[in-house]
Amino acid sequence: MTLTKAELADLLFDKVGLNKREAKDMVEAFFEEIRIALESGDCVKLSGFGNFQLRDKPQRPGRNPKTGEEIPITARRVVTFHASQKLKGMVEKHHADKQG
Amino acid sequence: MTKSELIARLAERLAERNSQLVYKDAELAVKTILDAMASNLSQGERIEIRGFGSFDLNYRPPRVGRNPKSGSSVSVPEKYVPHFKAGKELRERVDLSLELQTPVREST
């Protein structure tokens, strides 16, 4: 099983009482607001879940693995996610419980 | 952007659209979404959000570590750690902001 936007919208319908349209829009807006913050250079801190941070990486030398030709890997900005202590704790607890 | 700022921005969207929903609904929606994501992920279920990214667990095998203070060796058991991979749309939009020379702000 994989959790997707459709399942999240169903949860908002079942648990929060939004109608189907509102639930779908809310899930879409939730991720869009995070994308907007990140693309405007703002990191996103969701307490209890984790932080999305931005890292600027300088250009570095690379290689085409097929031809061996040297081509530079251009400078880029990437998103990194750091799970909160709470989320890490939940993951470890579930694993420990399964081990018995 | 913090969780409460995210809720405020979602509430603003609702107001702009003359929605029946109010701040409280945005707040409960954010809590419900994050709770579901955390609980599914901690049970080893993958999360896949098209255009945003995916979350899953990475396995870390058991290893022998060292107590940096005493130098004595300690066995560190195997564990799973959350891992996020940005999706295509998020990756491209964020990378574009570098070309536009938007500075990175550490906190809000």
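**Exercise 1. Count the residue pairs in polar contact between domain 1 of chain B and domain 2 of chain B, then describe the rest of that interface.**

Step 1. The polar count comes out at zero residue pairs, with both residues required to be at pLDDT 80 or more. A polar contact here is a pair of N or O atoms within 3.5 Å; within protein, one must be able to donate a hydrogen and the other to accept it, and residues adjacent in sequence count only if both atoms are side-chain atoms.

Step 2. Sort the touching residues. On the side of domain 1 of chain B that touches domain 2 of chain B there are two nonpolar residues, one polar and one charged. (Nonpolar: Ala, Val, Leu, Ile, Met, Phe, Trp, Tyr, Cys and Pro; charged: Asp, Glu, Lys and Arg; polar: the others, Gly among them.)

Step 3. Place the domains. Domain 1 of chain B covers 1-45 and domain 2 covers 47-107, with bounds from an automatic or database domain assignment.

Step 4. Get the area. About 450 Å² is buried between domain 1 and domain 2 of chain B, and carbon and sulfur atoms give 87% of it. Buried area means the accessible area (1.4 Å probe) that two parts lose on being put together, summed over both. B:Met37, B:Leu41 and B:Glu45 supply 85% of what domain 1 of chain B buries against domain 2 of chain B.

A word on ground rules: this is a predicted model, where local features need pLDDT of at least 70, side-chain atom pairs count only at pLDDT 80 or more, and totals for chains, interfaces and linings use all residues. Residues are numbered from 1 along each chain as its sequence is written, chains are lettered from A and ligands numbered from 1 in the order in which they are written, and side-chain values use heavy atoms, leaving out hydrogens and water.

**Exercise 2. Work out how chain B meets chain A.**

Step 1. Start with contacts (heavy atoms within 4.5 Å): 56 residues of chain B touch 54 residues of chain A.

Step 2. Add the area. Between chain B and chain A about 5300 Å² is buried, 68% of it from carbon and sulfur atoms. B:Met1, B:Ile33 and B:Arg93 lose the most area on the chain B side, together 12% of what that side buries.

Step 3. Look for charge pairs. There are six salt bridges between chain B and chain A, each a side-chain nitrogen of Lys or Arg within 4 Å of a carboxyl oxygen of Asp or Glu. A:Glu39 and B:Arg93 form a salt bridge at 2.6 Å, N to O.
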